Amino acid sequence: MPLKKEFVMSPASSTPKSSTDVSSSSLEQTIMAAAEDILREKLERKGRISCPTDAADFLRMRLGTLPNEEFHVLWLDTRHRILDYQRLFVGTIDGASIYPREVVRAALGVNASAAIFAHNHPSGEAEPSAADRAITRELREALQLVGVRVLDHLIIGAECVSMANRGLMQRKVSR
């Protein structure tokens, strides 16, 4: 059955939009949600995280196309089984404010033993910035006080960069 073409006014502008445009946008959102559900089920079926790539596909799907920066956490138990997945902070196109106190509160709320952080760079450039390295260090130190290990921080852009694979998760040795 062919789609009937109707026009509706978009609240953001006075330009009419066809209902097929609205439908295709809605269809795209439905498809993305279905793909995300499939990846989440696959991740949950695995039951545990043994390397950064286990979570990367799911996180890339979830964060890869977002217009604003978001900070998410995958919480794990002592055997790296998945306890919860949470979006903790939403920012703007080039940054998000992250509060260690709230991250610690979330960890304690799910009784986590380990965490994998992830955030996106809407620009597509996945290279870890100095700010990314600094907040990771700060969060790792805060969570260490309550017995939660930070296993990785994934940065999602055009590609997915694992700070652990880059050797950026080691504790700096003081002399």
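This section describes the fold, salt bridges, backbone outliers, pockets and surface of a predicted model.

The secondary structure of the protein chain comprises 4 helices and 7 strands. In sequence order, these elements follow the pattern β-β-α-α-β-β-α-β-α-β-β. The chain contains 175 residues, of which 37% are buried. One of the buried positions is valine 161, with a relative accessibility of 4%. Valine 161 belongs to strand 7, which spans residues 160-162. The C-alpha atom of valine 161 lies 9.7 Å from that of alanine 118, and the two residues are 43 positions apart along the chain. 

The model holds 4 salt bridges, of which three are described here. In one of them, the side chains of arginine 87 and glutamate 70 meet with an N to O distance of 3.6 Å. Because arginine 87 is located in strand 4 and glutamate 70 in strand 3, this pair ties together parts of the chain that are 17 residues apart in sequence. The two partners differ in their surroundings: glutamate 70 is buried, with a relative accessible area of 8%, whereas arginine 87 is partly exposed at 48% relative accessibility. 

A further salt bridge joins arginine 81 and aspartate 77, whose closest N and O atoms are 2.7 Å apart. Here the aspartate is buried, with a relative accessible area of 12%, while arginine 81 is partly exposed, with a value of 41%. Arginine 105 and glutamate 102 also form a salt bridge, with 3.0 Å between the closest N and O atoms. Both of these residues lie in helix 3, where a spacing of 3 residues places them about one turn of the helix apart. Glutamate 102 counts as partly exposed, with a relative accessibility of 32%.

Two backbone conformations call for comment. Most residues other than glycine have a negative phi. Histidine 80, although not a glycine, adopts a positive phi of about 65 degrees. This histidine is situated in the loop between strand 3 (residues 70-76) and strand 4 (residues 82-90). With a relative accessible area of 18%, histidine 80 falls under the 20% limit and is therefore classed as buried. Asparagine 111 likewise is not a glycine and has a positive phi, of about 60 degrees. Asparagine 111 occupies the loop that connects helix 3 to strand 5 (residues 114-120). In contrast to the buried histidine 80, asparagine 111 is exposed, with a relative accessible area of 65%.

Pockets were then examined. The largest pocket has a volume of about 240 Å³. Its lining consists of 10 residues, and those closest to the centre of the pocket are Glu28, Gln29, Met32, Thr65 and Leu66. Helix 1 (residues 19-46) and helix 2 (residues 52-63) each contribute at least two residues to this lining. The greatest contribution is that of helix 1, which supplies 6 residues. By chemical character, the lining of the largest pocket comprises 4 nonpolar, 3 polar and 3 charged residues.

The second largest pocket has a volume of about 190 Å³. A total of 14 residues line this pocket, and Glu69, Gly95, Ala96, Ala131 and Asp132 lie nearest its centre. Helix 4 (residues 130-144) provides the largest share of the lining, namely 3 residues. The lining of the second largest pocket divides into 6 nonpolar, 5 polar and 3 charged residues.

On the surface, Leu108, Leu145 and Val146 form a nonpolar patch. Together, these three residues present about 320 Å² of accessible area. Leucine 108 is part of helix 3, which covers residues 100-110. With a relative accessible area of 52%, leucine 108 lies over the 50% limit and is therefore classed as exposed. Helix 3 thus holds leucine 108 of the nonpolar patch as well as the salt-bridged residues arginine 105 and glutamate 102.

Methods:
Residues numbered from 1 in each chain as written. Predicted model: local features only at pLDDT ≥ 70, side-chain atom pairs only at ≥ 80, totals over all residues. Heavy atoms only, no water. Patch = residues over 30% accessible without salt bridge, like charges linked within 9 Å, V, L, I, M, F, W, Y side chains within 5 Å. Areas by Shrake-Rupley, 256 points an atom, 1.4 Å probe, with all protein chains shown as cover. Buried < 20%, exposed > 50% of the residue type's maximum accessible area, 1.4 Å probe, protein only. 1 Å grid on protein atoms, 1.4 Å probe; cavity = no way out; pocket = protein on both sides within 12 Å on 5 of 7 lines; lining within 4 Å. Points joined across faces, edges and corners; volume = space filled by probe spheres on them. Nonpolar A, V, L, I, M, F, W, Y, C, P; charged D, E, K, R; others polar.
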